[in-house]
Amino acid sequence: MSSAKREIILGIGGGIAAYKSCELLRRLQDLDFSITVVPTPSSLNFVGSATWEALSGRSVSTEVWENVEQVKHVSLAELSEAIIIAPVTADLLSRLAQGRAEDLLTNVVSASKAPKFLVPAMHPNMWLNESTQENVRTLRARGFEVMNPDEGRLTGDDSGIGRFPETSEIISAFLTYIGSHQDLKGKKLLISAGGTREAIDPVRFIGNRSSGKQGVAIAVEARNRGAEVSLVLANSNISDIAGIETIRVETAQQMHLVLKQKMQNCDVLVMSAAVSDAKPSTSSSEKIKKKEFNSIDLVENDDILADLSSAANDSQLIIGFAAETSNIEESGREKLKTKDLDFIYVNDVSGGAIFGSDLSAGFLISSDGISTRIEQTSKAKVARMILDNVVSRLSYANG
Ligand code: CTP
């Protein structure tokens, strides 16, 4: 169900944020882009060719004088659907605005008719410098998309405007710019993520190892595909993400209340949160002293997913999650049936893997009986596969 690979160029300017583009490259690969990295010669002071070659799986050149017979700047320009340059320095902005062509990257840019997306990162004084601002205006007027840098802490002690934006923000803006598939436009997705906590006393709680990364990856992918996304996030240290309504909760009961209220107005529920199955029957307002801390009396929490699924209308899609250490596929099938779900993604957590990781492995099982084994891959890719299935189910229901 994955779409064909799309060829793009990732240009790297000579700024310290070059190291952050290693992550950007990885996340773009997760979205099935095939990427040729073209660093400027000075950027190799920050990240060397070997890193780019290993990460992209392709050879890397910085000059037009290497492999001259291939006329690389023209072939690369013709091959690529888009050029993204991240980071772009004040010097590179100036050279691009002048239309200079002295290294491979500036040659490729001047030979290419593809959309060009620039991510500047530099010291605030350099960004706010009138020459830089003039160059940005010139490039924008010529059709380059130039992102505004973020505000915040910079490499030294300074802070201000000039930070390299978060990878997810860059990807979202880039996809919007080059026209990614907006196949969830008009749909409302309600996503739970993270792990609930149940207080024992003001200091201790019953919790779990969920980081919230998988649910957040689904929320980001859904937003990129045009959906209106509400994320109910329990105890995760992931910060709020632009374009996603994030409601933070602590306990299972708080999560249940928010989801119940939001459920009336959503097309798809993705229940990826790890909900505590039980809570202490009483929560002490004072810290319990060691001598009295012998046992905890538990009461069961409501099964949120089962409750929401039983009250859902026929057009709402319900996706559940499970984390299993044995009989992974069978347990998934059973939960899919008992909780009346459209899909379930069962994480294989044997060996302590998955929690907190960027990788996942498991089975995606659908109510029509199809089960797909997912070998270890990024959580972003799992998000995409789940939403590909959601889109086909929604279009089947509408068609
Ligand atoms: N879930 C929920 N409310 C609960 C427990 C779980 O909504 N109180 C949801 C989870 O978010 C997940 C799915 O149910 O989408 C499966 O959770 P899991 O804990 O694996 O299922 P349980 O029914 O609790 O089964 P087990 O006995 O394996 O713990």
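A polar contact is a pair of N or O atoms within 3.5 Å; within protein, one atom must be able to donate a hydrogen and the other to accept it, and residues adjacent in sequence count only if both atoms are side-chain atoms. The model is predicted, with local features requiring pLDDT of at least 70 and side-chain atom pairs counting only at pLDDT 80 or more, while totals for chains, interfaces and linings use all residues. Residues are numbered from 1 along each chain as its sequence is written, and side-chain values use heavy atoms, with hydrogens and water left out.

**Exercise 1. Describe the surroundings of the ligand, beginning with its polar contacts.**

Step 1. A polar side-chain atom of Asp 277 lies 3.0 Å from an oxygen atom of the ligand, and for Lys 335 a polar side-chain atom is found 2.7 Å from a ligand oxygen atom. Phe 321 takes part through its backbone, with an N or O atom 2.9 Å from an oxygen atom of the ligand.

Step 2. The ligand taken alone exposes 570 Å², of which the protein buries 74%; such accessible areas come from the Shrake-Rupley method with a 1.4 Å probe, and for residues only the protein chains shown count as cover.

Step 3. The shell holds 13 residues, the closest being Met 271, Ala 273, Leu 305, Phe 321 and Lys 335, where a residue is near a molecule or strand if one of its heavy atoms lies within 4 Å of it. By character the shell divides into seven nonpolar, one polar and five charged residues; here Ala, Val, Leu, Ile, Met, Phe, Trp, Tyr, Cys and Pro count as nonpolar, Asp, Glu, Lys and Arg as charged, and the others, Gly among them, as polar.

Step 4. The largest share of the shell, three residues, comes from β16, in a numbering where helices (H or I, at least four residues) and strands (E, at least two) are DSSP runs counted from the N terminus.

**Exercise 2. Place Ala 273 in the fold and decide whether it is buried or exposed.**

Step 1. Ala 273 sits in the loop between β13 (268-271) and β14 (278-280).

Step 2. Because its relative accessibility is 11%, Ala 273 counts as buried, a class that means under 20% relative accessible area, with exposed over 50% and partly exposed in between (1.4 Å probe, protein chains only).

Step 3. Not counting residues up to four places away in sequence, Ala 273 touches Ser 192, Ala 193, Gly 194 and Met 255, contact meaning heavy atoms within 4.5 Å.

**Exercise 3. Set out the overall organisation of the protein chain.**

Step 1. The chain is divided into domain 1 (6-178) and domain 2 (188-398), with bounds that come from an automatic or database domain assignment. The C-alpha centres of these two domains lie 37 Å apart, and their contact takes nine residues from domain 1 and 10 residues from domain 2.

Step 2. The secondary structure amounts to 13 helices and 19 strands, and of the 399 residues of the chain, 51% count as buried.

Step 3. Among contacts between residues at least 6 apart in sequence, 67% join residues at least 24 apart.

**Exercise 4. Work out how helix α5 is covered.**

Step 1. In α5 (residues 104-111), six of the eight residues are buried, namely Leu 104, Leu 105, Thr 106, Asn 107, Val 108 and Val 109.

Step 2. These buried residues pack against β1 (6-12), β2 (33-39), α3 (72-79), β3 (82-88), α4 (90-98) and β4 (116-120).

Step 3. Strand β3 also contains Pro 87, which is joined to Ala 86 by a cis peptide bond with omega of about 0°.

**Exercise 5. Which partners does the side chain of Asp 201 reach?**

Step 1. Asp 201 is found in the loop between β9 (198-199) and β10 (205-206), and it counts as buried because its relative accessibility is 2%.

Step 2. Its side chain reaches the backbone nitrogen of Val 203 at 2.8 Å, and the side chain of Asp 201 also makes a polar contact with that of Arg 204 (2.4 Å).

**Exercise 6. Compare the settings of Asn 235 and Asp 340.**

Step 1. Most residues other than glycine have a negative phi. Asn 235 has a positive phi of about 50°, and Asp 340 has a positive phi of about 55°.

Step 2. Asn 235 lies in the loop between β11 (228-234) and β12 (244-249), whereas Asp 340 lies in the loop between α12 (328-338) and β17 (343-348).

Step 3. Asn 235 counts as partly exposed because its relative accessibility is 25%, while Asp 340 is exposed, with a relative accessible area of 56%.
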